[in-house]
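Me: I have a structure open and would like to learn how to read its features. Could you take me through some of them in turn?

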Amino acid sequence: DALPSVKAMRAAGAQVSEAAVGQEMVGMREVSAKRAVAFAYVGRLSYDKSVNVLLSAFEQALKLHAVDGRDAVAQDNEAIGQQFGAAAAWPVLYIVGSGELEALVRSYVQRLRGQVVYLGQVAHANVSCLLREAHVYVSAAHSETYGRSLVEAFRCGLPVVTMASCNMHVTHARDGLLAWSTTELTQQLHRMMSDSQLRDALRSGAAARNRADESEPNRAMLEAVLTAHNQSRYGGARRRRAWHPFWSLWMWLSVALDYPRISSASAVLAASLAMRACIWPSCSTRPSARRQPSFTNRKVR
């Protein structure tokens with residue numbers, strides 16, 4: 001209690017210590033104890049990461065969650081009504097990082113008090129500790145190259161909700177949920193908020209992913225890279241390299257200028273045919289049988 005709130009310190013522009021971040025992680029444990037859902041995002045706060053889309057989708061999902069709560073109370077379901085009625089039991093989105101959209105994140109912190117928590121920059125050594133206190137990792141990026149943050153989330157046993165457009169790691173409905181639009185991202189977040197059995201099933205799938213070597217993200221990526229390499233290097237015939245008339249004209253001019261006496265058309269034609277046969281193989285020439293690299297016996301460390 002002696003440590004000030006990370007949110008208040010960030011809003012005041014103060015430097016946040018790792019001790020204060022640790023205090024906020026204790027708050028994440030309290031969120032878990034109250035059976036609320038802790039979502040986490042770690043990364044740049046920028047448009048290319050679609051952080052603005054993530055915040056908007058989370059807010060819309062909260063509204064759907066509120067409707068569910070009112071319906072539960074209206075139906076006199078005491079257990080569900082108490083869960084939805086308590087402010088502390090509401091889902092919370094923890095955001096870690098910095099970037100151009102930091103002001104937007106702060107505005108959501110002010111508007112959705114208690115439901116969006118901005119932790120700012122966190123030391124990389126503490127990121128895994130923070131992720132292990134969360135329930136779900138979420139990202140709205142449409143153009144991830146590899147998605148390292150998703151891999152780190154899986155390493156911490158978290159199911160992932162992300163966009164399908166650039167997905168390389170998530171198996172839909174097995175270790176996470178995929179969304180094909182912003183509207184669907186809202187729906188998937190709402191599902192994770194309201195369905196504890198779904199969260200438990202996806203969390204089990206994420207944990208099983210770590211135990212299974214064949215599901216290792218690095219292995220899948222290397223397998224895809226080597227397959228594309230083998231296909232481009234060893235598959236199919238060589239591209240045909242045709243002899244263009246320009247080269248005959250260029251050769252004739254060169255010979256005519258250097259050796260006027262032997263610059264006959266027949267000499268140039270013979271030289272052209274010889275050059276074509278030696279330098280430009282025909283399209284029927286296929287690559288020699290060479291051993292293609294395989295990933296089968298390689299071990300990813």
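Reply: What follows goes through salt bridges, aromatic rings, a helix pair and a contact in space. Keep in mind that this is a predicted model.

Me: How do I read a salt bridge, and how many salt bridges does the structure hold?

Reply: Side chains of opposite charge can pair when their charged atoms come close. The structure holds six salt bridges. One of them joins Asp48 and Arg44, with 2.3 Å between the closest N and O atoms.

Me: Are Asp48 and Arg44 buried, exposed or partly exposed?

Reply: Asp48 has a relative accessibility of 38%, so it counts as partly exposed. Arg44 is also partly exposed, because its value is 44%. The cut-offs that matter here are under 20% for buried and over 50% for exposed.

Me: Which residue does Glu144 meet in a salt bridge?

Reply: Glu144 pairs with Lys49, at 2.9 Å from N to O. This pair links distant parts of the chain, 95 residues apart. Glu144 sits in the loop between strand E4 (136-138) and helix H7 (148-155), while Lys49 sits in the loop between strand E1 (38-42) and helix H3 (51-74). Glu144 has a relative accessible area of 17%, so it counts as buried. Lys49 is buried as well, at 16%.

Me: What does Asp175 form with Arg209?

Reply: Asp175 and Arg209 form a salt bridge, and their closest N and O atoms are 2.8 Å apart. Asp175 lies in the loop between strands E5 (160-163) and E6 (176-179) and Arg209 lies in helix H9 (residues 196-211), so the salt bridge ties together parts that are 34 residues apart in sequence. Both ends are buried: Asp175 has a relative accessible area of 2%, and Arg209 has one of 9%.

Me: Where does Arg209 lie with respect to Phe154?

Reply: Arg209 lies over the face of Phe154, 4.3 Å from the ring centre. A second case is Arg111, which lies over the face of Tyr108 at 4.2 Å from the ring centre.

Me: How do I read two rings together, and how many aromatic pairs are there?

Reply: A pair of aromatic rings is described by the distance of the centres and the angle of the planes. The count here is two aromatic pairs. One of them is Phe39 with Phe58, where the centres are 5.7 Å apart and the planes are at 75°, an edge-to-face arrangement. Phe39 belongs to strand E1 and Phe58 to helix H3, so this pair ties together parts that are 19 residues apart in sequence. Phe39 and Phe58 are both buried.

Me: At what angle do helices H8 and H9 pack?

Reply: The idea is to take the angle and the distance of the two axes. Helix H8 (residues 182-194) packs against H9 at about 100°, and the axes are 5 Å apart. H8 and H9 are therefore roughly perpendicular to each other.

Me: Which residues make the contact between H8 and H9?

Reply: On the H8 side they are Arg191, Met192, Met193 and Ser194. On the H9 side they are Ser196, Leu198, Arg199 and Leu202.

Me: How far apart are Ser128 and Glu152 in sequence and in space?

Reply: Sequence and space are read separately. Ser128 and Glu152 are 24 residues apart in sequence, and their C-alpha atoms are 7.4 Å apart in space. Ser128 is part of helix H6 (residues 124-132). Its relative accessibility is 26%, so Ser128 counts as partly exposed.

Conventions:
Residues numbered from 1 in each chain as written. Predicted model: local features only at pLDDT ≥ 70, side-chain atom pairs only at ≥ 80, totals over all residues. Heavy atoms only, no water. Salt bridge = Lys/Arg side-chain N within 4 Å of Asp/Glu carboxyl O. Buried < 20%, exposed > 50% of the residue type's maximum accessible area, 1.4 Å probe, protein only. Helix = DSSP H or I, 4+ residues; strand = E, 2+ residues; numbered from the N terminus. Phe/Tyr/Trp six-rings, centres within 6.5 Å; stacked < 30°, edge-to-face > 60°. Lys NZ or Arg CZ within 6 Å of the ring centre and 35° of its normal. Axes fitted to C-alpha atoms, helices over the stretch in contact; angles between N-to-C directions. Parallel < 35°, antiparallel > 145°, perpendicular 65-115°, else oblique. Contact = heavy atoms within 4.5 Å.
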